[in-house]
Amino acid sequence: MTTRVLIVEDEPEFLQRFTEAVLADPGLSLIAGVTTGRAGLALLDAQPPDVMLVDLGLPDISGIELIRHAARHVPQCDVLVVTMFADDAHVLGSIAAGATGYLLKDAQATKVAAAIHELRAGGSPISPSIARRVLAAFRLAPQGAPATPPPSPMAAPAPPEPSPLSERETEILRLVAKGFGFEAVGELLGISPHTVVTHVKKIYRKLAVHSRGEAVYEASQMGLL
C-alpha cells in the first residue's frame, strides 16, 4: 500500500515542488495540495492522510493549530513540518503540538520524499540546524520535580526520592517522550542508535517496564520528566 500524503503549503513554488516529489515516488500517493489551513482541516477530517506536510506560515490559521488538530483527531497521521521558520518558538511549538519531523525549506525534493518514508518507518527526520536547537532547549529546560503535598506543621517534609535514572538516561527518555525515534535521539545527542538502545534497555529495567509508553508513563508518575 502507498503512503497517502496531504500537503498544506501556500507558496506556489514550494507547493509545486512538494507535489512533484510525492508524485514522482511510487510509494507515495497525493490526496491533495491545498493553500490554506482551513482547507487542510477539512481534508484531515474527510480524507485522513498517513502523512501531512505542513508549512507554519499559512494565510488564515497557524500551521501549529493544524498540527494540534491532527494530533487530536487523526493520531495515526504523521506530521512533517517543512518551513522557513527556524526560531525556537516555532520549532518547539510544533513539536509540542505533535509534529514528528521538521525540515527547513532548503531541503531538496528527494529529501522530502525520503523524510516521508522515514516518518512511516518510525523515524523523526529533522534538519541538522533544528536538531541543535531542540537539543539546546532540552538541556536548558529544568528537570521536573515530583509534586508533594504541603508540609505538615507536626512533621518535617520527607526528602524527595533520588531518581533511579542517570542524567543521560533521563535526557534520552525526555526525547523519547516527545516522540523522537532512537535514530533521531542518537543524532540529537551525538551518540549511535545502538548506544541509545542500550540506555533504553537500562531504563526499562530500572523502571520495571517493557515499552516506551510504559516507561514514559512510569517516569511521569515518579516525577522524573
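Exposed here means over 50% relative accessible area. Keep that cut-off in mind for one of the views below; everything shown comes from a predicted model.

**Figure 1. The whole chain, before zooming in, has 10 helices and 5 strands.** There are 225 residues in the protein chain, and 44% of them count as buried. Take the contacts with a separation of 6 or more: 64% of those come from residues 24 or more positions apart. As for empty space, the structure holds 2 cavities of 30 Å³ or more, and each gets a close-up here.

**Figure 2. A look into the largest cavity, with about 60 Å³ of space inside.** Its lining is made up of 11 residues. Nearest the centre of this cavity you'll find Ile95, Ala99, Thr100, Gly101 and Phe180. Sorted by class, the lining has 6 nonpolar residues, 4 polar ones and 1 charged one.

**Figure 3. The second largest cavity holds about 40 Å³ of space.** Going round its lining, we meet Ile172, Leu173, Val176, Val200, Ile203, Tyr204, Arg212 and Ala215. Which helices each supply at least two residues of this lining? They are α7 (167-177), α9 (193-207) and α10 (212-221). By class, the lining of the second largest cavity splits into 7 nonpolar residues, no polar ones and 1 charged.

**Figure 4. Helix α8 packs on α9 at an angle of about 105 degrees.** Helix α8 covers residues 182-189, and the two axes sit 8 Å apart. With that angle, α8 is roughly perpendicular to α9, because angles of 65 to 115 degrees count that way. On the α8 side, the meeting residues are Phe182, Glu183, Val185 and Gly186; on the α9 side, they are Pro193, Val196, Val197 and Val200. Sorted by class, this contact has 6 nonpolar residues, 1 polar and 1 charged. Val200 turns up in two of these views: it meets α8 from α9, and it also belongs to the lining of the second largest cavity.

**Figure 5. Staying on helix α9, we zoom in on Lys201.** Is Lys201 buried or exposed? Its relative accessibility is 55%, so Lys201 counts as exposed, the cut-off being over 50%. Now bring Glu169 into the frame: Lys201 and Glu169 are 32 residues apart in sequence, while in space their C-alpha atoms are 9.9 Å apart.

Methods. Residues numbered from 1 in each chain as written. Predicted model: local features only at pLDDT ≥ 70, side-chain atom pairs only at ≥ 80, totals over all residues. Heavy atoms only, no water. 1 Å grid on protein atoms, 1.4 Å probe; cavity = no way out; pocket = protein on both sides within 12 Å on 5 of 7 lines; lining within 4 Å. Points joined across faces, edges and corners; volume = space filled by probe spheres on them. Nonpolar A, V, L, I, M, F, W, Y, C, P; charged D, E, K, R; others polar. Helix = DSSP H or I, 4+ residues; strand = E, 2+ residues; numbered from the N terminus. Axes fitted to C-alpha atoms, helices over the stretch in contact; angles between N-to-C directions. Parallel < 35°, antiparallel > 145°, perpendicular 65-115°, else oblique. Contact = heavy atoms within 4.5 Å. Buried < 20%, exposed > 50% of the residue type's maximum accessible area, 1.4 Å probe, protein only.
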